[in-house]
Amino acid sequence: MGLLAVGCAARRKEGKLTRPFGNLHPALLACVFCRKNDDCPNKYGEKKTNEKWNITVHYYCLLMSSGIWQRGKEEEGVYGFLIEDIRKEVNRASKLKCSICKKTGASIGCVASRCKRSYHFPCGLQRECIFQFTGNFASFCWKHRPVQIITSNNYRDSMPCTICLEFIEPIPTYSILRSPCCKNAWFHRDCLQVQAINAGVFFFRCTICNNSDIFQKEMLRMGIHIPEKDASWELEENAYQELLQHYEHCDVRRCRCKEGRDYNEPDSKWEIKRCQCCGSSGTHLACSSLRSWEQNWECLECRGILYNSEDFQKAKKHSLPNTNNVGITDCLLEESSPKLPRQSPGAQQKDLLRQGSKYRRDISTIIMELGFQIKKKTKRLWINKANIWNSALDVFRNQNFNPSHTIEVAYVNESDNFGREHPGSKQEFLSLLMQHLENSPVFEGSLSKNLSLNSRALEENLYYEAGKILAISLVHGGPSPGFFSKTLFNCLVYGPENTQPILDDVSDFDVAQMIIRVNTATNVADLNSVVNECYNYLELIGCLRIITSLSDKYRLAEDILVYHVIKRVQAPFESFKQGLKTLGVLEKIQTYPEAFYSIFCHKPENLSAKVLSDLFTVCTLSDVQALGFWNSYLQAVEDGKSAITMEDLLIFATGCNSIPPAGFKPTPSIECLHMDFPIGNKCNNCLALPITNTYQEFQENMDFAIRNTLRLEKEESSHYFGH
């Protein structure tokens, strides 16, 4: 029965719903699954009645039922579940007896293998079962439910729940949970659930450190439902109305307006202009000698802060744009983030006021927002693993391919006469594409790469495809590039005309030597000698100039540099930029340059034992000794006492050598099985650990299996890299 829960992965829509109840009060109508009349949204989800078909359900009862999935649109049936499917599921459940109340109608089954327990949703809550409102919407009975593993308990005294402040024993149980990011933060399960429902996915976070990503993943694993809706306080009518009122008062020392400081006449010299930094001070245009409303104006307090700041003092008068000097006006005019389908009226204005600085955003949050546009409709990609790059190009160039559809990968082998296909890991597929892209003729350079000028790549439109593939990889949960030069990144964000390349951007040895000779010329004769030697080349690229003084060398070197790095690749750059617009990625890069710079121009940080320990979760009750061996093994790998690396271990389990910016989906997990060697399931990001008698045997088996598996995979893919 547990396997039927896999079909529930599409059940995540939670909009604002109407409830047609007809003549009967909803409390008098029983849920067709649990047969309770209770209308308690916090416990059972919203109760809804389809008057036409006389069907009443609790949302959670419907959502967690093991044999049904959402096949319709939001407005069809009940919450998108078709009426005929609901009836079939009710009929199926009528033959199953609840393991708790012993009555029929138990539509929910434990997903643990070989577990035959079934139960109603309210009965499961009463018996402390765990329901995961994410992924496959799995449910676990009281014997197989996930637990929080605490290696040592250093808490002797009671500690307060950080929500209700009532003291509790700091021991993880069903009703007591600990924060994964703050080890001294403990909660009542009920307190967390109420907070999650009120805050919604966009505001639910650790009460101590404000972390949302790690915190939400752990709470979802432990059965806390985090609805995809705006926070309850965001939905209050006119909640931000006072913030939307414009400040209209002249605060300069000597106001010259005869009508008074509060007088405001638009389109005249007596129009009030607000401080562009704080917005809480103002002046009449005439009182501060402003010629037009468009002129910038800062109040005395903000001006003192800005002009005395270290960044301002260091900045040059005509410095190029960078991530540290984005205008404050731009920050205030940020467009709202795409939470989008469920934004209430006026949300755009509220976002404008509450976002603050537009470039100081967490990259995982930004990519998560981009991921909201991914539709649940699945597009299966048949990929020849022996030639992934060309196979992927064929798929992405197909006119029927839609980058906003969910990607599912299936590997095929052309030499297989039976045409068999094997399920593949989407993140592994995207990781292999990114590796090929880094070493493709589209880019040039060693570590920090710029676009190349390759006539064949230009003819085959590979620059556009490269940008498109990069955008698809980011939004669909693939790895980040990490190999862009700062110059290429600045060209994308600020435009080539506002970017100054450096000598390190030149990968052509002869051109680099020419620029060095020009820069190091000590007199006009030496400089003319270089120009004469390179006359034909300088004439060809339009950089030939008459040398009249030694200072001309700086302009000449700059002209050669700009031509070679920027002007020469203008056509590839425009094509690449168009491809990067796929799924709105380029627009986000230009909006949040500081966040994207960290993943475009820098490789991910090295993996550590702690990072992997926190990354992999324990799904079910496992062998305690094997888990202890696992932690010791991670430390041995980090200390170089193993034949493999941290990256090898992550590749073995997930197919990726680094953690994608959007994180892994599903979350990597470990389980312990009675076997001799570990097994990595890259499709589910699951690592099965062997159960051994000694740690030495555990490490030897882990090293042997991982090392040889990766070696065989590398040999099999050698033909792919040849392409």
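This is a chat between a student and a tutor about a predicted model of one protein chain.

Student: Hi! Before we get into details, how many helices and strands does the chain have?

Tutor: Hello! The chain has 28 helices and 21 strands. It is 723 residues in length, and 47% of them count as buried.

Student: And what share of the contacts is between residues 24 or more positions apart?

Tutor: Taking the contacts with a separation of 6 or more, 62% of them join residues 24 or more positions apart.

Student: What does the pLDDT look like over the chain?

Tutor: The average is 81, and 83% of the residues score at least 70. Over residues 309-360, though, the pLDDT is below 50; that stretch still has 81 contacts in the model beyond near neighbours in sequence. Residues 719-723 are also below 50, with 14 such contacts.

Student: Why be careful with stretches like that?

Tutor: Because predicted coordinates should not be read in detail where pLDDT is low.

Student: Fair enough. On to the inside: which residues of the largest nonpolar core touch the most other members?

Tutor: Phe396, Phe429, Phe484, Phe576, Phe596 and Phe600 do, in a core of 78 residues. Helix H15, residues 462-475, gives the most to this core, with nine residues. There is another core apart from it, with 34 residues, including Ile55, Met64, Tyr79 and Cys141.

Student: Is there a general pattern behind what such cores are made of, and what is it?

Tutor: Yes: in soluble globular proteins, nonpolar side chains tend to be buried together.

Student: Back to Phe396, what does it touch?

Tutor: Leaving out residues up to four places away in sequence, Phe396 touches Leu381, Phe401, Phe429, Leu433, Glu465, Lys468, Ile469 and Ile472. Phe396 is also one of the buried residues of H12.

Student: Why would you call helix H12 largely enclosed?

Tutor: Because seven of its 10 residues, in the span 388-397, are buried. Those are Ile388, Trp389, Ser391, Ala392, Leu393, Val395 and Phe396.

Student: New topic. Which residue has the "active site" annotation?

Tutor: That would be Cys683, according to an unreviewed UniProt entry. Cys683 sits in the loop that runs between strand E20 (679-681) and strand E21 (686-690).

Student: Is Cys683 buried or partly exposed?

Tutor: Partly exposed, since its relative accessibility is 32% and the cut-off for buried is under 20%. Beyond four places in sequence, Cys683 touches Pro423, Gly424, Ser425 and Pro666.

Student: While we're on cysteines, how many disulfides turn up in the whole structure?

Tutor: Zero, from a search of the whole structure. Cys98, for instance, is in no disulfide, and its nearest cysteine sulfur belongs to Cys101, 3.7 Å away.

Student: Then why does Cys164 have no bond to Cys161?

Tutor: Because the two sulfurs are 3.7 Å apart, which is too far for a bond. Cys164 is partly exposed at 35% relative accessible area, while Cys98 is buried at 1%.

Student: Let's try Thr487. Where is it, and what does its side chain pair with?

Tutor: Thr487 is part of helix H16, residues 486-494. Its side chain makes a polar contact with the side chain of Asp505, at 2.5 Å. Thr487 counts as buried, with 6% relative accessibility. Asp505 is also among the residues Thr487 touches beyond four places in sequence, along with Asn450, Thr499, Gln500, Pro501, Ile502 and Val565.

Student: What about a residue in a loop, say Ile226?

Tutor: Ile226 lies in the loop between helix H6 (213-221) and strand E11 (272-274). With a relative accessible area of 7%, Ile226 is buried. Apart from neighbours within four places, Ile226 is in contact with Ala196, Gly200, Val201, Phe204, Gln216 and Leu220.

Student: And how far is Ile226 from Asn198, C-alpha to C-alpha?

Tutor: They are 9.1 Å apart in space, with their positions 28 residues apart along the chain.

Student: Last one: is Ser94 buried or partly exposed?

Tutor: Ser94 is partly exposed, at 34% relative accessible area. Ser94 belongs to the loop between helix H3 (83-93) and strand E3 (108-109), and beyond four places in sequence it touches Thr104 and Gly105.

Notes:
Residues numbered from 1 in each chain as written. Predicted model: local features only at pLDDT ≥ 70, side-chain atom pairs only at ≥ 80, totals over all residues. Heavy atoms only, no water. Core = buried A, V, L, I, M, F, W, Y, C linked by side-chain atoms within 4.5 Å. Buried < 20%, exposed > 50% of the residue type's maximum accessible area, 1.4 Å probe, protein only. Helix = DSSP H or I, 4+ residues; strand = E, 2+ residues; numbered from the N terminus. Contact = heavy atoms within 4.5 Å. Disulfide = S-S within 2.5 Å. pLDDT = per-residue confidence, 0-100. UniProt positions renumbered as here; feature names shortened; annotations may be inferred. Polar contact = N/O pair within 3.5 Å; in protein donor to acceptor, adjacent residues only side chain to side chain.
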